[in-house]
Amino acid sequence: MSSLKRKPLVVVTRRLPDVVETRMRELFDTRLNHDDKPLSPAALVQAVQEADVLVPTLTDEIDASLLAQAGPQLRLIANFGNGVDHIDVDSALQRGITVTNTPGVLTEDTADMTMALILAVARRITEGARIIPEESWTTGWSPTWMLGRRITGKRLGIVGMGRIGQALARRARAFGLSIHYHNRRRVSARTEAELEATYWESLDQMLARVDIVSVNCPHTPATYHLLSARRLKLLKPEAVVVNTARGEVIDETALARLIEVGDIAGAGLDVFEQEPAVSPRLVKLAKAGKVVLLPHMGSATHESRIDMGEKVIINIKTFMDGHRPPDRVLPSML
């Protein structure tokens, strides 16, 4: 009589949608995080020492020092999320550990939120939304009160023309924005024609010409502070900056300073350099109506979280069945 095949031990670092956790329990020996608090460094060490598969999120720092303490049984890190800047993919590969992510399922939701931030900053939506609850609307409508900026006819500069950048461009065109973009590689002529997009090899030249800048590229060593103090100074005084990618791509200190002195009109930020900490200068600017700050909500829909979980399950199941998982991440891809 043959012995039963052992189910792989899968350690999940944060709480996932019930339907995802239930399916994972059915398929694997799954250890869940019911408290939904980020694991402590000691708990993460224990997880990598015991798990066959680790399912982390962006709140977990999976660096070389942690991976050096991993047990020999850890062979897969199935990230719940698209970005893998919190995982040392090189170190994982050197140790024979496969890394996967969940691309594609966040595209539409993140593009929606990016467009919402563009509108919120330009039309002062969050600032206006506070007026009635705070009982500050005492004089009624006025021709010169709460004036924002029209976005139709303006130029949108997209930094990173991947899936999300292209989805944003489609939405922005419907609002009458002219599409400009900078990317590591120029997109196909067919995509450019569909989006009526103008390509800029030089990021500096694009920044100097657009009215709205949207950051939609991943955080890598090459994109750290890509929007540096020098580059931010190239923007028009009436320009606004929107970021739904990663906070590290923008020099936050320089951005806050330029908004404070009026060299940049404003910003809409869903991500921050030191999450969950947010710069007090940015908070002060938000209270003054100069910036809109959101708590990393870009992909926060029921649909996307379930889709992400399903991708994680597929990657684990495929790997454990001896096949290459569909969403494997390699250092050359970053």
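**Entry 1: salt bridges**

I take a salt bridge to be a side-chain nitrogen of Lys or Arg within 4 Å of a carboxyl oxygen of Asp or Glu. I note at the outset that the structure is a predicted model. By this rule I obtain a count of 18 salt bridges.

I looked up D36 and R14, whose side chains form one such bridge at 3.1 Å, N to O. D36 sits in the loop between β2 (29-31) and α2 (41-50), and R14 in the loop between β1 (9-12) and α1 (18-27), so the pair ties together parts that are 22 residues apart in sequence. I then asked whether R14 is buried or exposed. R14 counts as buried because its relative accessibility is 16%, and the cut-off for that class is under 20%. D36, with a relative accessible area of 32%, is partly exposed.

I turned next to R170 and E194, which meet through their side chains in a salt bridge of 2.9 Å, N to O. This pair links distant parts of the chain, with R170 in helix α7 (residues 163-174) and E194 in helix α8 (residues 189-195), 24 residues apart. I recorded both partners as partly exposed: R170 has a relative accessible area of 38%, and E194 has one of 39%. I also noted a network in which salt bridges that share partners join E108, D112 and R171.

**Entry 2: R124, bridge and backbone**

I looked up R124 for its side chain and for its backbone. The side chain of R124 meets that of E127 in a salt bridge, with 2.9 Å from N to O. E127 counts as buried at 16% relative accessibility, whereas R124 is partly exposed, with a relative accessible area of 26%.

I placed R124 in the loop between α5 and α6. R124 is not a glycine, yet its phi is positive, near 60°.

**Entry 3: further backbone features**

I found a positive phi at H225 as well, about 50°, although H225 is not a glycine. H225 has its place in the loop between β9 (212-215) and α10 (229-232).

Which residues does a cis peptide bond join? I recorded E275 and P276, with omega about 5°. P276 belongs to the loop between β11 (266-269) and α12 (280-287).

**Entry 4: the second largest pocket**

I looked up the second largest pocket and noted a volume of about 480 Å³. Its lining consists of 25 residues, and V121, A122, R149, V240 and A265 are those that lie nearest its centre. I listed the elements that give two or more residues to this lining: α5 (107-123), α6 and β12 (291-293). Which of the elements gives the largest share of the lining? I found that α5 does, with three residues.

I then sorted the lining of this pocket by class, which gave twelve nonpolar, four polar and nine charged residues.

**Entry 5: a nonpolar surface patch**

I looked up a nonpolar patch on the surface and noted an area of about 540 Å². Its members are I132, W137, W141 and W145. I located I132 in the loop between α6 (125-129) and β6 (155-159). I132 counts as exposed because its relative accessibility is 56%, and the class begins at over 50%.

**Entry 6: two pairs far apart in sequence**

I first took E21 and E310, which are 289 residues apart along the chain. How far apart are their C-alpha atoms? I noted a separation of 10.0 Å. E21 is part of helix α1, and at 8% relative accessibility it counts as buried.

I then took S304 and L74, which are 230 residues apart along the chain. For this pair I recorded a C-alpha separation of 27 Å. S304 is in helix α13 (residues 302-320). I entered S304 as buried, with its relative accessibility at 0%.

Technical notes. Residues are numbered from 1 along each chain as its sequence is written. This is a predicted model: local features need pLDDT of at least 70, side-chain atom pairs count only at pLDDT 80 or more; totals for chains, interfaces and linings use all residues. Side-chain values use heavy atoms; hydrogens and water are left out. Patches are made of residues with over 30% relative accessible area and no salt bridge: like charges are joined within 9 Å, nonpolar side chains (Val, Leu, Ile, Met, Phe, Trp, Tyr) within 5 Å. Accessible areas come from the Shrake-Rupley method with a 1.4 Å probe; for residues, only the protein chains shown count as cover. Helices (H or I, at least four residues) and strands (E, at least two) are DSSP runs, numbered from the N terminus. Buried means under 20% relative accessible area, exposed over 50%, partly exposed in between (1.4 Å probe, protein chains only). On a 1 Å grid over the protein atoms alone, a cavity is a set of points where a 1.4 Å probe fits but cannot get out, and a pocket is an open set with protein on both sides within 12 Å along at least five of seven lines; lining residues have an atom within 4 Å of a point. Grid points are joined across faces, edges and corners, and a volume is the space filled by probe spheres set on the points. Ala, Val, Leu, Ile, Met, Phe, Trp, Tyr, Cys and Pro count as nonpolar, Asp, Glu, Lys and Arg as charged, and the others, Gly among them, as polar.
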